[in-house]
Amino acid sequence: MNTLTRLAGTLEEARTEVPLVRIGGVVREVAPHYYRVAGLSPFLRLGDRVGFDDGDRQVTGEVIRVDDETVAVKPFDGKINIGVGQTAYRLGAMGLKPHEGWIGRVVNALGEPLDDQGPLPRGERMMPPDREPPAAMTRARINKPLMTGIKVIDLFTPLCEGQRIGIFAGSGVGKSTMLAMLAGAEGFDVVVVGLVGERGREVREFLEGPLAANRAKSVVVVSTGDESPMMRRLAPQSAMSIAEYFRDLGKSVLLIIDSVTRYAHAARDVALAAGEPAVTRGYAPSTFSDLPRLLERAGPGLDGGGTITGIFSVLIDGDDHNDPVADSIRGTLDGHVVLDRSIADQGRFPAVNILGSISRLAELVWSKEQRELVRRLKAMIARFEDTRDLRLLGGYTPGADQDLDQAVALVPKIYEALRQSPDTPLSKDAFAELARIMKG
């Protein structure tokens, strides 16, 4: 036994003293958005990392195209001083090693700490950024209602634990505010937030404001708008991998990604740099396969395991809800909440378009009486909105239509009851509160 121990010690000493052999290549072309490296093609696959020595630091990039003689590498750092003839070397496959010690921390897309709390502990399990979702026939069914505390959501588009829903909105309509309110929802073991392409000044505002109550049980992945497309594309994938790690531990995870549209923009940049053609409004074909591949990873895990409740914001370019990215995401998720600019202009927040929003799992939440009540309320709101122009022109006569009379009397009260802001306490029972306000 002593001999084996001494031998093991000798081998360990030799391993630490002798540097590892690196497989290297040479930079042959430098373009604004990628580098072309020769000599590594037989040893690399799409998605592998390649390292460069930039002075006294090591910088990395990802392989986005492999040819017979060269590979195209897109760097994670937007500013790298790399020249033709410089050495590049293989680093291996991408991946994170999340750990329970990451809870309460802020990291970048590569899993490196951004806060001042010291190094991150590393787990034993490697989580690839493009991990496959659980097989369809092994996933648990969704059956547990989830109360968000936001009245308009809990009434008209109720959610379930493990559901995936999108917040669709143009810029400046209250999307980030609603996400901030949802981040305060109770009943989750871990909250994972992916801030993709956000303004740098908003990061601390979000962490120290809306997320403050849940900060102690949150992991935040940040990639600001000034970072490279590679980092912005990787950030939601890293956030998803971290959420999957905790889901596999049996925990209930709330995952918030803001926004998936910026992920699609970054994926488009990478795909075009790799030589893909632009087919739909400048998007490459792979963008529309990357989106469902990312979104499908959220949701319930295996029977008896944890869940990922996914809330994904979707920025509607030019308020066009038929934008190809928005349309692709809408068809993949389990529901969508539409924020309307005209409602926001009226000062009603959250600016949810009740008639345009839907939860595909609402039937699992509503009782028979609640389902009938929501149906009647939506019909009343539709009647009120359809006759708005007629009433403004003086074409409405009270007493001529009882249903319209009821809508005119009650819908403004409903709108007032649904007003809510981040400073307002979360609702405990939205149906009871609505009934009290309407009776009053």
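**Strand pairing, burial and salt bridges in a predicted model**

Six bridges join strand E10 to strand E15 (residues 307–315), and the two strands run parallel. Within this pairing, Arg 164 has Gly 310 of E15 as its bridge partner. E10 also pairs with strand E16 (residues 335–338), again in parallel, through 3 bridges; here Gly 166 stands opposite His 336. The model examined here is a predicted one.

Strand E10 itself spans residues 164–169, and 6 of its 6 residues are buried. In a regular strand, side chains alternate between the two faces of the sheet. In E10, Arg 164, Gly 166 and Phe 168 point one way, while Ile 165, Ile 167 and Ala 169 point the other way, and all of them are buried. Both faces of E10 are thus represented among the buried residues.

It helps to place this strand within the whole chain. The secondary structure amounts to 13 helices and 17 strands, and the C-alpha atoms fill a box of roughly 95 × 55 × 40 Å along the principal axes. Of the 440 residues, 51% count as buried. Among contacts between residues at least 6 apart in sequence, 71% join residues at least 24 apart.

A second set of strands forms a closed arrangement. Here 6 strands close into a barrel in the order E1-E2-E5-E4-E3-E6, with antiparallel pairing. From one strand to the next, the twist averages 45 degrees. Strand E1 (residues 24–30) and strand E6 (residues 87–93) run antiparallel and are joined by 3 bridges. One of the bridge pairs brings together Gly 25 and Ala 88 of E6. Strands of a sheet pair through backbone hydrogen bonds, in either a parallel or an antiparallel fashion; the barrel takes the antiparallel form, whereas E10 and E15 take the parallel one.

Strand E4 of the barrel order also takes part in a salt bridge. Glu 62 pairs with Arg 233, with the closest N and O atoms 2.6 Å apart. Because Glu 62 lies in strand E4 (residues 57–66) and Arg 233 in helix H5 (residues 229–248), the pair ties together parts that are 171 residues apart in sequence. Both Glu 62 and Arg 233 are buried.

In all, the count comes to 28 salt bridges. Another of them is formed by the side chains of Arg 139 and Glu 296, at 3.9 Å from N to O. This pair, too, links distant parts of the chain: Arg 139 sits in the loop between strand E7 (106–107) and strand E8 (145–146), Glu 296 sits in the loop between helix H7 (285–295) and strand E14 (299–300), and the two are 157 residues apart. Arg 139 has a relative accessible area of 15%, so it counts as buried, whereas Glu 296, at 31%, is partly exposed.

The salt bridge between Glu 363 and Arg 371 has its closest N and O atoms 3.2 Å apart. Here Glu 363 is partly exposed, with a relative accessible area of 48%, and Arg 371 is partly exposed as well, at 33%. Elsewhere, salt bridges that share partners join Arg 125, Arg 131, Glu 244, Asp 248 and Arg 297 into one network.

Which buried acidic residue is left without such a pairing? Asp 405 is buried yet has no salt bridge, and the nearest side chain of opposite charge, that of Arg 383, is 8.8 Å away. A salt bridge requires a nitrogen-to-oxygen distance within 4 Å. Asp 405 belongs to helix H12 (residues 402–418). Leaving aside neighbours within four places in sequence, Asp 405 is in contact with Tyr 396, Pro 398, Gly 399 and Ala 400.

Helix H6 offers a further view of burial among the helices. H6 covers residues 260–273, and its 14 residues reach 20 Å from first C-alpha to last, close to the 20 Å expected at 1.5 Å a residue. Of these 14 residues, 12 are buried. The buried set includes the charged residues Arg 262 and Arg 268, along with Tyr 263, His 265 and several alanines, including Ala 264, Ala 266 and Ala 267. After H6 comes Gly 275, whose phi is positive, near 100 degrees.

Conventions
Residues are numbered from 1 along each chain as its sequence is written. This is a predicted model: local features need pLDDT of at least 70, side-chain atom pairs count only at pLDDT 80 or more; totals for chains, interfaces and linings use all residues. Side-chain values use heavy atoms; hydrogens and water are left out. Helices (H or I, at least four residues) and strands (E, at least two) are DSSP runs, numbered from the N terminus. Buried means under 20% relative accessible area, exposed over 50%, partly exposed in between (1.4 Å probe, protein chains only). Contact means heavy atoms within 4.5 Å. Two strands pair if DSSP finds at least two bridges between them. Axes are lines fitted to C-alpha atoms, for helices over the stretch in contact, and angles run from 0 to 180 degrees between N-to-C directions. The expected span of a helix is 1.5 Å times one less than its number of residues.
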